[in-house]
Amino acid sequence: MATREGSLEAPKRHPIDWKNLDFYNETSLNQEMERVFDICHGCRRCVNLCTAFPRLFDLIDESTSGELDSVNKQQFWEVVDRCYLCDMCFMTKCPYVPPHEWNIDFPHLMLRAKAVKYKKQGAGFRDELLSSTDLMGKLATIPVVVQAVNAMNNTPAVRKIMDSTLGIHADRKLPEYTADKFRANAKPNDTFPVKDGARTPGKVAIYATCYVNYNEPGIGHDLLKILEHNEIPARLVEKEACCGMPKLELGDLDAVEKLKNENIPHLLKLAQDGYAILSAVPSCTLMYKQELPLMFPHDAAVQAVAAAMFDPFEYLALRNQENLLKTDFKKPLGNVAYHIPCHQRVQNFGKKTRDILQLIPDTTVNTVERCSGHDGTWGVKSEHFADSMKIGRPVFKQMSASNPDYISSDCAIAARHIEQGIGESKAQKLHPLTLLRLAYDPDTPDKLAVSDDQSGSHTPSPGEKQMTTTTLTRENLLTLEAYAKIRKDFRAQMMAHKKTRKVPLGENITLIFEDALTIRYQIQEMLHVERIFQEAEIVHELETYTPLIPDGHNWKATMMIEYADPVVRAAKLATLVGIEDKVWVKVAGHAPVYAIADEDLERENSEKTSSVHFLRFELTPAMIQALHQNATLSMGVDHPAYQATIDSVAADVRASLLNDLATA
């Protein structure tokens, strides 16, 4: 009876028998590759997935017999090197996966081959370097070093040298590093009561991952904001190392075990304490949910951690099904082109990110479910860059076809790859967690900041008043390249923010009340326009502008005196000498507070005043308390040549200014 194709049963992956000495037997490996490759040759369903299968079929078709038996076995390694373990052949194409009797698991066969190769000859300097993500992150994010690393990664001449000496392709856009690491700056909120669901623990621990910690910490901060908005108590994993996926892809299984031994004890304690463990990088989540359990099938601790591990949107979707997720979205997202990464698809929990984003009103999510071709470090390498772009071409086309407002992928590296493949576009690249946070909280301007806590936005707990941060440090600033990428959107958001910080006093004077965000924007713009990247000059800008941030008991404002006609302006400024001392704010029931002006330097002389002044309004504790109790706020100018009064400041401006003041 002929063997039937396919199976009515769900695919099943067998444990990886990597502790068995025969696993590393090259003769045995070649026999298994011959068996599997011959079946693949007769099927060829996977020809359009990656370049591993086309290379295999080319080797066969170009051989003397046109069959596998005449292919040089050493050429099998050309197939192995092209496989980046995306698992899509196992998940979506192959009809012979277990429990089918032919027992085809192509990705894990390739993993075995990589392990045999690593055991026999190790890996080159580049591959060891790229797979040591934790070590690289720690070294590259040293405050002084990080600027140099990012500058070199964006310098064409240096990249050409890296291409020729290291084999890192000169055209591959690399993620930037940040000195402002996620774990060092995260402020998880664990004060909420625990509300367990039928399938979800009501408290969360964040496993940050190397990428979130060292490259895009904003993803982690956005996740914390989402959890806080939903009143889910959260904490960070006490201690963490790399998940081991880069070493797995290299074939260094001993290193995977070493990293497992570092991570599992900390994660196990959280699993035993009833936490859901969330990781915002699909490859890391997959490592704990699938690869480690298959490598260590009898390790109860590994299995317990796997059961507690969730993709963030898998967790949020389950909370939504249990009516425990808030859907009070305030901002529509428009047209989102969303890519599902392979290592999320392999987790087999459905299109949960899409499902959550579709809950947002007036939001269209165009979903692309196809491998982008980058896969961790594979698409960075010089020999694979062209293939990675070729594999990604259909994804680039589909992602850009709908003229989206945003392009997004749960895999931040895939999103960066897609952005590069699309090229010039109006679409902004944002992580799905950032999009969700944006939909919840559209009033937080700095969506792509290194750390949202630095933006001055803090979601108060019940009964707590909100107050903008008064600190701004070197680590809070983005590099020139990072800022250039978000500048257009950031400027638009800042203009919206400044509308709630601007008070016109008559027709010719405007007060713009400063806070950490406006000052940060001012500094970033100065660095951008002047192309300032030297440390001493950046520090100088900080020292110049940070004194303009209010400190909890005052307001600080830039006063603009504006007359369009230069001749009229000169005449008026001559009549307005001393006006900066005549600007006042008044809290109902209290005496007016007049501005303390220009503390940094004198901006007028006996003949005329300046068109720009910097003002400070000092408020007493009683005034601050009255404002928190809804006392009316008025402002004005009382100068012989210019008088104006606002009896009651607009509600949105008043609310914004209240954020600058400490709780009374």
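A surface patch here is built from residues with over 30% relative accessible area and no salt bridge, and nonpolar side chains are joined within 5 Å. The model is predicted. On its surface, L135, L139, I142 and V145 form such a nonpolar patch. Together they offer about 330 Å² of accessible area. L135 sits in helix α7, which spans residues 133–140. Exposed means over 50% relative accessible area. L135 has 51%, so it counts as exposed.

Now turn to the charged pairs. The structure holds 30 salt bridges. One of them joins the side chains of D105 and R13, at 2.6 Å from N to O. D105 lies in the loop between α4 (88–93) and α5 (106–121), while R13 belongs to the segment before α1 (26–43). The two residues are 92 apart in sequence, so their pairing ties together separate parts of the chain. Both D105 and R13 are buried.

A second bridge spans a shorter stretch of sequence. Here the side chains of D61 and R44 meet, at 2.8 Å from N to O. D61 is in helix α2 (residues 52–61), and R44 is in the loop between α1 and α2. The pair therefore ties together parts that are 17 residues apart in sequence. How accessible is D61? Its relative accessibility is 45%, so D61 counts as partly exposed. R44 is also partly exposed. Its relative accessible area is 27%.

The next bridge pairs K381 with D127. Their side chains meet at 3.4 Å, N to O. This pair links distant parts of the chain, 254 residues apart. K381 lies in the loop between β6 (363–368) and α20 (385–401). D127 lies in helix α6, residues 125–131. Both K381 and D127 are buried. For K381, the reasoning is short: buried means under 20% relative accessible area, and K381 has 13%, so it counts as buried.

Which residues share a network of salt bridges with K381? They are R126, D127 and E383. K381 also has a wider set of contacts. Leaving aside residues up to four places away in sequence, K381 touches R126, D127, L130, G167 and H169. R126 and D127 thus appear both in the salt-bridge network and among the contacts of K381.

Note on methods. Residues are numbered from 1 along each chain as its sequence is written. This is a predicted model: local features need pLDDT of at least 70, side-chain atom pairs count only at pLDDT 80 or more; totals for chains, interfaces and linings use all residues. Side-chain values use heavy atoms; hydrogens and water are left out. Patches are made of residues with over 30% relative accessible area and no salt bridge: like charges are joined within 9 Å, nonpolar side chains (Val, Leu, Ile, Met, Phe, Trp, Tyr) within 5 Å. Accessible areas come from the Shrake-Rupley method with a 1.4 Å probe; for residues, only the protein chains shown count as cover. A salt bridge is a side-chain nitrogen of Lys or Arg within 4 Å of a carboxyl oxygen of Asp or Glu. Helices (H or I, at least four residues) and strands (E, at least two) are DSSP runs, numbered from the N terminus. Buried means under 20% relative accessible area, exposed over 50%, partly exposed in between (1.4 Å probe, protein chains only). Contact means heavy atoms within 4.5 Å.
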